[in-house]
Amino acid sequence: MKSLKKTTAWKWFALYIKERDRWICQTCGRAGKGRFMNAGHYIQAFGNNSVFFDEKNVYAQCINCNLWGGGKQPLLKEVVIKRWGKKEEEKLWKKAKEARQFTKEELKKIAEEYKNKYNLLKNE
Ligand SMILES: [Zn+2]
């Protein structure tokens, strides 16, 4: 299967996350749109597909923090706990251990869901 990052589902999911976080990097506070801003995983998605599309696991992050700062996981941990609580943070790690595959249909659903969520947020 092609990389999840290349799916339409990820495109809309990432866009929603960036809009939700108001295009502000959650680990350094810088704001910016376009290619400057990424959607970064707290628990690295590599091999942890079960938390790939988890809103609690993904945050707006500038390219410096996401790519060159190694994701700044210790800082993101604080963000996760502040926003969702320590219990949810622990749950994420448990969930991350589960193997997860996405069917084409599931990816299509995720794409539709987050396209809608993005558009709702944007029009607020
Ligand atoms: Zn940053």
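Start by selecting F36, which is found in the loop between helix 1 and strand 1. The model on screen is predicted. F36 has a relative accessible area of 24%, so it counts as partly exposed. Show its surroundings next: leaving aside neighbours within four places in sequence, F36 is in contact with R30, A31, Q61, C62, I63 and N64. For a sense of scale, add K104 to the selection. F36 and K104 are 68 residues apart in sequence, and their C-alpha atoms are 29 Å apart in space.

**The zinc ion**

One of the contacts of F36 is C62, and C62 leads to the next stop. Which residues coordinate the zinc ion? Select C25, C28, C62 and C65, each of which contributes its SG atom, at 2.3 to 2.4 Å. The angles among the 4 donor atoms run from 104 to 116 degrees, and the site is tetrahedral. Along the sequence, the donor residues follow the spacing C-x2-C-x33-C-x2-C. Now keep C25 and C65 alone. This pair links distant parts of the chain, 40 residues apart: C25 sits in the loop between helix 1 (8-20) and strand 1 (37-41), while C65 belongs to helix 2 (residues 63-68). Are C25 and C65 buried or exposed? Both C25 and C65 are buried.

**Two residues with positive phi**

Stay in the loop between helix 1 and strand 1, and select R22, which is found there. W23 lies in that loop too. Most residues other than glycine have a negative phi. At R22, phi is near 55 degrees, a positive value in a residue other than glycine. Phi of W23 is likewise positive, near 55 degrees. Turn on the surface to look at exposure. R22 is partly exposed, with a relative accessible area of 48%. W23, at 10% relative accessibility, counts as buried, because the limit for that class is under 20%.

**Helix 1 and helix 5**

Move to helix 1 and pick A14, which has its place there. A14 is buried, with a relative accessible area of 6%. Add N38 to the selection: A14 and N38 are 24 residues apart in sequence, and the distance between them in space is 7.6 Å, C-alpha to C-alpha.

Next select Y16 in helix 1 and Y114 in helix 5 (residues 104-122); this pair links distant parts of the chain, 98 residues apart. A pair of aromatic rings is described by the distance of the centres and the angle of the planes. For Y16 and Y114, the ring centres are 5.4 Å apart and the planes stand at 55 degrees, so the pair is tilted. Y16 counts as buried at 9% relative accessibility, and Y114 counts as buried at 6%.

Widen the selection to W10, F13, Y16, F52, F53, F102 and Y114, which form one aromatic cluster. Across the model, the count comes to 10 aromatic pairs.

Then go to Y118, which also lies in helix 5. Y118 counts as buried, at 10% relative accessibility. What does Y118 touch, not counting residues up to four places away in sequence? The residues are W12, L15, Y16 and E19. Measure from Y118 to E19: these two are 99 residues apart along the chain, yet their C-alpha atoms are separated by 7.1 Å.

**Helix 4 and its two faces**

Select helix 4 (residues 86-96), and colour its buried residues: E89, L92 and A96. They cover an arc of only 50 degrees around the axis, which puts them on the same side of helix 4. An α-helix has 3.6 residues a turn, so residues three or four places apart point the same way. Show helix 3 (73-84) as well, since the buried residues of helix 4 pack against helix 3. Now rotate the view. The face of helix 4 turned away from its buried side carries K87 and K94, both exposed.

**Last stop: K56 and W84**

Finish with K56 and W84. K56 lies over the face of W84, at 5.2 Å from the ring centre.

Conventions:
Residues are numbered from 1 along each chain as its sequence is written. This is a predicted model: local features need pLDDT of at least 70, side-chain atom pairs count only at pLDDT 80 or more; totals for chains, interfaces and linings use all residues. Side-chain values use heavy atoms; hydrogens and water are left out. Donors are N, O and S atoms within 2.8 Å of the metal (3.2 Å for Na, K and Ca); water is not among the atoms, so sites may look incomplete. Four donors count as tetrahedral if all angles lie between 85 and 135 degrees; four count as square planar and six as octahedral if opposite donors are over 155 degrees apart and all others between 65 and 115; anything else is irregular. Helices (H or I, at least four residues) and strands (E, at least two) are DSSP runs, numbered from the N terminus. Buried means under 20% relative accessible area, exposed over 50%, partly exposed in between (1.4 Å probe, protein chains only). Rings of Phe, Tyr and Trp (its six-membered ring) pair if their centres lie within 6.5 Å; planes under 30 degrees apart count as stacked, over 60 as edge-to-face and the rest as tilted. A charge sits over a ring if NZ of Lys or CZ of Arg is within 6 Å of the ring centre and within 35 degrees of the ring normal. The arc is that of the directions from the helix axis to the C-beta atoms. Contact means heavy atoms within 4.5 Å.
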